[in-house]
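Subject: Structure for your files

Dear colleague,

Here is the structure I said I would pass on. Please have it open while you read the notes underneath.

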Amino acid sequence: MLDYKKIKLDFPILQTQMNGKPLVFLDSAASSQKPQKVIDASSDFYRCRNANIHRGAYRLSYEATDLYELTRTKVKEFINAREPEEVIFTRNTTESINLIAYSYAIKFLKEGDEILVSEMEHHSNLVPWMIVAQKKGVKIKHIPLTEDYQYDYEKIPDVLTERTKIISVAHMSNAIGTIHDLKKISYYAKQVNAIFVVDGAQGACHLPVDVQEIDCDFYAMSAHKMLGPTGVGVLYGKRELLEMMDPFMGGGDMILTVWKDGYKPAPLPNKFEAGTSNIAGVVAYAVALDYLKSIGIENIHQHEVEILQYAIPKLKEIPFVRLFGTEDFSKRGGVISFLVEGVHPHDIGTILDQEGIAIRAGHHCCEPLMKKIGIPGTARASFYLYNGIEDVDALIKGIEKVIEIFKLKEKRYITVQK
Amino acid sequence: MSLNEDLYKEIIIEYSQNPKHYGELPEANIHEEGVNRSCGDEVQLHLLVKDDKIIQAKYTGQGCSICMASTEMMSSFIENQSLEQVKSLIDLFKNMIMSKEDISMPNPYEDLEALKGVKKFPIRVKCATLSWNTLEQAIKEYTRNKPSPTTG
C-alpha cells in the first residue's frame, strides 16, 4: 500500500470535517480532491503570472503561454502521444467526446453507418453519439456484456460490421469499476477500419495510459479527476484525423486568418481551442501531473486494488449488502457499487453523510446500465491514492448504521421497487 | 437527537417498509405521474374518484424511504375524502414542510409530522413533497377536464 497517511496531509480538504465528523472522502470517481501544490499553482498564476496567452507582446503574456504549452508537453509525455499538437485542451471529457462527435462523426458518417458502444457507458459516451445518430441516420449498436459486467469480447464479432465506423468505450466503468481490455477492442476496430475512441475519464487518473500502445484514435480525459482543477479536459487525437476534421467552435485563437467572408483555421492544436481557455487551470494541471508521476500511476492502481482486496471480503460479510462488479480484481479499479437490500441508495447516502462519509448515490450517469441490472441506482464508494484502511472501516461502520436505522435485523423488509 | 434520527423516525421506516397502498388500481379514473429529475424518484398515483370524492388511492413507482413513506401516508389519508378536503390537506402538509415555523398536523393526520425532519435537510424536501405535488396536479387536471354540471 502507498503511504496514504502521508499523502493525505498534502490535501487540505481531507483535514476538514463534514457534519461535525472528519471527512471520509469516497467520491473521487466523481471528482478528486486537490493537493495544496495544485491549489497554490492556480492562485500563484493569478497572483503574479496572469495574462492572456498566444497574443500579448509582453513578457507576462509570453511567459503565460510557455506555462500553458508546458502542460501540453507534460500531457503528451503522460499518455505517450507522438507530439504535443495531438493534445487538445477542452473543458472536460464530455466536451472532448462531443468534439469528436461534431467535428468527426457528423462530418464523415453516412446514413446506415454504425457506432459501437456498450450499455455500461457513461451518458457522456452515449448521448453525443445519439445526437450523431439522430442527425445522420446512424445506428448505435452495443457490445454484449458478461454476467459480471465486463465486455464480452468473444461476442464483439457478432455486432461488428463493415458499417461500423466508430467504436467508443470507457477505459474503466465509473459505475462499477470494470477495467476494459482496450487492446482487444483496438484489434476489432482495426479489422473494420473503425475509429477507436476511448472515454478515459476514469482511465488516466488510475491506470497507465500509452495511446500508442493502445493504438486508439482518440482518448478523452478530465483534469479534475486526476488531482487537477475543474474545467480542464484533454482530447488526444491522431494528427491525421485532427487534420481532417472541421473546427468544433469558431472564434479567436482558432484561426490563421480571417477576411470579409471567410477564414482559414489555425494549425493544430489551436484549431480546436477557440477563445480564452482555462489558462490558470491548465497551468495548475501540470503540477497535478507531476504529483501523480512522483507517486507513480501503476502504484496508485495497485494501492486501489489492495483497498478492494481489504474491503470486498468485509462487505460481503455484512448481511443485506449486495455488491456489483467483477471480483476479478485484475480487471477492476477502486470503485465499489453496492446496495443495502430494502434501503434506497439516497437514504444510504444521507445516513453516511451524517457520519462524515461522502459517497455517491444514484445512477452515476449510467441509466442504461442501471436499467439493465434492474435497479434505480446504487450507492458508490470510490477510492484514490489518499484513501486507506480507515476509510473502508468508516464506510463499514456507516453501513452498519444504515442497517440499524432501517431495523433490517429485526424484521422482514419489503422492497418497494419496480 | 442526531440529524439521522430527526430524518429517519421509526414511523417513517415503518410506513416505507409496509406499503399498504402500493400497486396498480385497474378501476382508477385518474392517473398522474411525478418525477424528481435530480434524484430519479418517481411516483405514479392511481385514484378512483366518484362524486368529487376519492374512493380509493394507490401508487406505483420507486424512491427513497422519505418519498415512499410520504406517499404511503398520503394515500391512506386521502381515501374517502372529498376533493375539497384533500386540497386543504395538501395545503396543510406543504405549509408544515415549507414554513419556517413549527406547525402541527391536526388529528387524525399527526403521523405526517414525522416528515418534518426534512426541514433540516433542504435537498430532501422534494422527496417528501413529490407525491403531494403530483396529487395537486392530478386534482387540477381532473377539475379542468370534468364536464361542467348541467342544470335541469
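The notes below cover a sheet, the helix that lies across it, and a separate pair of strands.

Please keep in mind that this is a predicted model.

The sheet in chain A is open and has 4 strands, in the order 13-14-17-16, with antiparallel pairing. Its edges are strand 13 (321-324) and strand 16 (360-362) of chain A, each of which pairs on one side only. On average, neighbouring strands of this sheet are turned by 30° against each other, direction ignored.

At one of these edges, strand 16 of chain A pairs with strand 17 (residues 378-382) of chain A in the antiparallel sense, over 3 bridges. Arg360(A) is found there opposite Arg380(A), which belongs to strand 17 of chain A.

Helix 12 of chain A, residues 345-354, lies across strand 14 (335-340), strand 16 and strand 17 of chain A. The helix runs at about 160° to strand 16 of chain A.

The other item is a hairpin, formed by strand 11 and strand 12 of chain A with 2 residues between them. Strand 11 covers residues 255-259 and strand 12 residues 262-265, and the two pair in the antiparallel sense over 4 bridges. Within this pairing, Trp259(A) stands opposite Gly262(A) of strand 12 of chain A. How many of the 5 residues of strand 11 of chain A are buried? The count is 0, and the strand is hardly covered.

Regards

Note on methods
Residues are numbered from 1 along each chain as its sequence is written. Chains are lettered from A and ligands numbered from 1 in the order in which they are written. This is a predicted model: local features need pLDDT of at least 70, side-chain atom pairs count only at pLDDT 80 or more; totals for chains, interfaces and linings use all residues. Two strands pair if DSSP finds at least two bridges between them. Axes are lines fitted to C-alpha atoms, for helices over the stretch in contact, and angles run from 0 to 180 degrees between N-to-C directions. Two residues are in contact if their C-beta atoms, placed from the backbone, lie within 7 Å. A residue is buried if 20 or more other C-beta atoms lie within 10 Å of its own, exposed if 12 or fewer, and partly exposed in between; C-beta atoms are placed from the backbone.
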